[in-house]
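Here are my notes on the model you sent, as numbered points. Please read them with the structure open.

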Amino acid sequence: LTDLRVLRTEVESRLTATRPIKLRPSLRKRTLLYGGIGALLVLLFVALYYFFSSKPASGEKKSIAVLPFVNMSADREDEYFSDGMTEELINALTKVEGLRVPARTSAFMFKGKQEDIRKIGEQLNVATVLEGSVRKAADKLRITAQLINVSDGYHLWSGTYDREMKDVFAIQDEISRNIVDALKIKLGGEQTVRLTKKYTKNTEAYQLYIKGRYYWSKRTDEGLKKAVEFFKQSLDQDPTFGLAYVGLADAYINMGGEYRVLAPSEARPLAKAAALKALELDPNLGEVHASLGLWHFHQFDWATAEKEFKRALELSPNHPPAHQWYALLLSSYRRFDEALVHIRRAEDLDPLADYIHGTHGLILISARRYEEAMEIYNKAIASFPDGPGLYRGRGHIRIETKRFSEGIADLERAVSLEGRNPRSLGRLGYAYGRAGRKEDALKVARELEELSKQRYVSSFERALIPLGLGNKDEALFWLEMAFQQRDASISLQYTSPLLDGVRDDPRFRALLKKFGLEK
């Protein structure tokens with residue numbers, strides 16, 4: 001506004017300076033008219049320039065990405081602590097109304113990389129970036145942090161904190177408040193409480209929890225197992241630590257769901273017990289309701305799942321998994337337009353999470369919008385060339401559109417990336433069957449049989465091969481097993497073209513009615 005007022009004064013003074021020149025009345029009117037229009041155009045141009053140059057790409061007034069704090073400690077094992085500090089700051093700032101904060105998955109894509117701040121801002125769609133470092137020596141801490149404006153690289157704020165480990169929570173509060181002040185966000189009383197709330201006073205329990213989240217985020221069989229160990233150790237230190245119970249629930253849900261480390265019958269009771277304990281400790285923790293929503297979704301109790309997801313979004317509207325999981329539920333209800341609203345919101349909150357883009361593609365496949373889904377997968381694979389789930393999705397589209405050689409190539413790539421994981425092998429066997437390569441399909445079926453002697457293999461994956469071969473009887477045998485086991489793939493793939501081969505079969509319809517998925 002100040003710049004515009006100065007400019008207006010300059011324009012008016014220049015127009016005034018032309019008045020002594022004697023012109024014909026008509027010419028004088030035109031001169032003043034054109035001069036006035038010119039002044040307005042200049043003012044409009046300047047206003048638009050300031051508007052677009054200062055406006056974040058996301059269209060929101062305030063946005064910040066918290067990049068992974070660098071571990072400067074002599075012990076590289078202390079990296080879990082710097083990662084935990086980053087995650088806690090993300091969680092705290094996410095609770096600030098009017099502030100957009102990309103989720104952990106996206107922020108950690110830049111860990112260990114020397115990227116230009118402007119490029120980071122563009123990829124994460126933010127106007128400001130927080131970066132920092134942590135040095136830990138025995139019980140001493142030194143934490144530095146800098147808040148940087150993406151458009152020009154200038155520092156908006158910086159701070160250095162020399163404290164003891166016992167002060168770690170106070171440091172997080174102080175950094176969070178300083179950032180909020182630097183971004184000129186006014187907090188009401190309730191928001192202040194939400195920003196500063198802590199779930200344990202036990203620093204040992206907190207550090208063990210951070211280690212658990214560190215391994216959980218790796219999304220591997222071994223990582224999930226280690227995460228469970230650390231969450232349990234954290235709870236040994238503080239049995240009232242609600243977030244540790246949430247972490248335990250999330251780990252077990254993953255192990256008995258998409259990652260298939262344990263059978264659902266083994267993992268889900270453990271997941272539910274942990275989630276209910278967290279709920280007992282804090283019923284207003286949005287992440288717990290999201291976890292319970294996913295648990296009920298996989299149990300085929302979709303009405304309760306929807307209530308839990310809605311509650312999760314009321315309490316934590318910026319929690320990407322809540323939007324992602326709710327989108328999957330809506331897709332199973334065939335409410336595709338609503339599902340797309342939530343999955344796009346999840347992408348906005350966590351733009352560099354490949355599995356969220358994969359879910360977006362899955363919803364479009366279920367809606368039979370193959371061209372749009374292909375665009376999603378092609379773009380995601382360009383950014384994440386090692387994402388097996390993305391190749392599974394793109395391969396599925398190509399098989400359904402009878403581009404068999406390309407689809408099989410994608411699925412073979414997924415199998416290679418995952419080390420012959422059953423969830424990719426089942427899709428490959430289905431593709432071989434659809435392409436008429438019966439022997440190759442049966443070879444995959446035998447491989448799954450051998451794997452089942454060593455680890456849990458989903459009955460849904462075993463049903464895919466006879467589905468691809470057109471053997472309805474065998475496919476329905478395995479599908480009934482999957483229903484009885486409450487296999488997560490039934491919920492996730494309920495509307496998928498994978499099941500079109502038996503969708504109208506009276507035996508399949510009877511299964512749906514038996515398990516309450518259709519009336």
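1. Starting with one helix pair in this predicted model: H23 and H25 meet through Lys 472, Asp 473, Leu 476, Leu 479, Glu 480 and Phe 483 on the H23 side, and Arg 507, Phe 508, Leu 511, Leu 512 and Lys 514 on the H25 side. By class, the residues of this contact are six nonpolar, no polar and five charged.

2. The geometry of that pair is as follows. Helix H23 covers residues 472–484 and helix H25 covers residues 506–514; their axes come within 10 Å and cross at roughly 5°. The two helices are therefore roughly parallel to each other.

3. Two residues of H23 come up again in the nonpolar core. The largest nonpolar core has 147 residues, and those that touch the most other members are Phe 69, Leu 130, Ile 143, Leu 479 and Phe 483. Helix H10 (residues 242–256) gives the most to this core, with ten residues. As background, nonpolar side chains in soluble globular proteins tend to be buried together.

4. Ile 143 is worth a look on its own. Apart from neighbours within four places in sequence, Ile 143 is in contact with Phe 69, Met 85, Ser 133, Val 134, Gly 159, Thr 160, Tyr 161, Ile 171 and Ile 175. Among these partners is Phe 69, which is also listed with Ile 143 among the core residues that touch the most other members.

5. A second helix pair is H15 (residues 336–349) and H16 (residues 354–366), with axes that come within 9 Å and cross at roughly 165°. An angle over 145 degrees counts as roughly antiparallel, so H15 is roughly antiparallel to H16. Their crossing is left-handed.

6. In that pair, H15 supplies Phe 336, Ala 339, Leu 340, Ile 343, Arg 344, Ala 346 and Glu 347, which meet Ile 356, His 357, Thr 359, His 360, Ile 363, Leu 364 and Ser 366 of H16. The contact divides into eight nonpolar, four polar and two charged residues.

7. Is His 319 buried or exposed? His 319 sits in the loop between helix H13 (302–315) and helix H14 (320–332). Its relative accessibility is 17%, and the cut-off for buried is under 20%, so His 319 counts as buried. Beyond neighbours within four places in sequence, its contacts are Glu 287, Ala 290 and Leu 349.

8. For the chain as a whole, there are 25 helices and six strands. Buried residues make up 52% of the 519 residues. Of the contacts with a separation of 6 or more, 61% are between residues 24 or more positions apart.

Terms used
Residues are numbered from 1 along each chain as its sequence is written. This is a predicted model: local features need pLDDT of at least 70, side-chain atom pairs count only at pLDDT 80 or more; totals for chains, interfaces and linings use all residues. Side-chain values use heavy atoms; hydrogens and water are left out. Helices (H or I, at least four residues) and strands (E, at least two) are DSSP runs, numbered from the N terminus. Buried means under 20% relative accessible area, exposed over 50%, partly exposed in between (1.4 Å probe, protein chains only). Contact means heavy atoms within 4.5 Å. Axes are lines fitted to C-alpha atoms, for helices over the stretch in contact, and angles run from 0 to 180 degrees between N-to-C directions. Angles under 35 degrees count as roughly parallel, over 145 as roughly antiparallel, 65 to 115 as roughly perpendicular and the rest as oblique. A crossing is left-handed if the near helix is turned anticlockwise from the far one by less than a right angle, and right-handed if clockwise. Ala, Val, Leu, Ile, Met, Phe, Trp, Tyr, Cys and Pro count as nonpolar, Asp, Glu, Lys and Arg as charged, and the others, Gly among them, as polar. A nonpolar core is a set of buried Ala, Val, Leu, Ile, Met, Phe, Trp, Tyr and Cys residues joined through side-chain atoms within 4.5 Å.
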